[in-house]
Amino acid sequence: MPRSLFDAGAYDEIDARLARLEHTAPARFGTMTPGTMTCHLIDALEVALGIAPAEPRRSWLPRALVRWLVIYVVPWPKGKAKTVPEMLRTQPAGWDADLARLRSLLREAAQRGPDGRWSPDPAFGKLSGRDYGVFLFKHFDHHLGQFGV
């Protein structure tokens, strides 16, 4: 079973990796900088937590099998996948403030847990709390790996 943000120690692991992230770290893949990646993850959490609005799109992703494969099975491509506009709204304002905001939202998501109320994802549609836990862990792991942490 893939790791979930709600697994014991998972939040602490991701938060510790965020604490080691340097704003000058070069990307191992993709075009994001640490600042734009941090803002991208802020946007993803704000959508998941229902802080920022997002309308699910009609696409092939919400189909149950494809959604399950993307969240639970298939490794994500490095530097090739495009995201939805809702996940690129926030622009870097200041490294320390942006990182603090991201870490605060991550804590809020971890505390909400699998039984909490989650908003639909624009690409995947309605996700269970269990799905969100795996999706968020995988998303953070992917982007932190992008910068070697």
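Me: Ala, Val, Leu, Ile, Met, Phe, Trp, Tyr, Cys and Pro count as nonpolar, Asp, Glu, Lys and Arg as charged, and the others, Gly among them, as polar. How many of each line the largest pocket?

Reply: The model is predicted, so to speak up front: local features need pLDDT of at least 70, side-chain atom pairs count only at pLDDT 80 or more, and totals for chains, interfaces and linings use all residues. Residues are numbered from 1 along each chain as its sequence is written, and side-chain values use heavy atoms, leaving out hydrogens and water. The lining of the largest pocket has 17 nonpolar, 9 polar and 3 charged residues.

Me: What volume does the largest pocket have?

Reply: About 830 Å³. A pocket is an open set of points on a 1 Å grid over the protein atoms alone where a 1.4 Å probe fits, with protein on both sides within 12 Å along at least five of seven lines; lining residues have an atom within 4 Å of a point. The volume is the space filled by probe spheres set on the points, joined across faces, edges and corners.

Me: Which residues are closest to its centre?

Reply: Of the 29 lining residues, His40, Ala81, Lys82, Thr83 and His143 are the closest to the centre.

Me: And which helix gives the most?

Reply: That's α5, with 5 residues. Both α2 (34–48) and α5 (129–146) give two or more. Helices are DSSP runs (H or I, at least four residues), numbered from the N terminus.

Me: Switching over, what lines the second largest pocket?

Reply: Phe29, Pro75, Trp76, Lys78, Lys138, Asp141, His142, Gly145 and Gln146 do. By class, that makes 3 nonpolar, 3 polar and 3 charged residues, around a volume of about 180 Å³.
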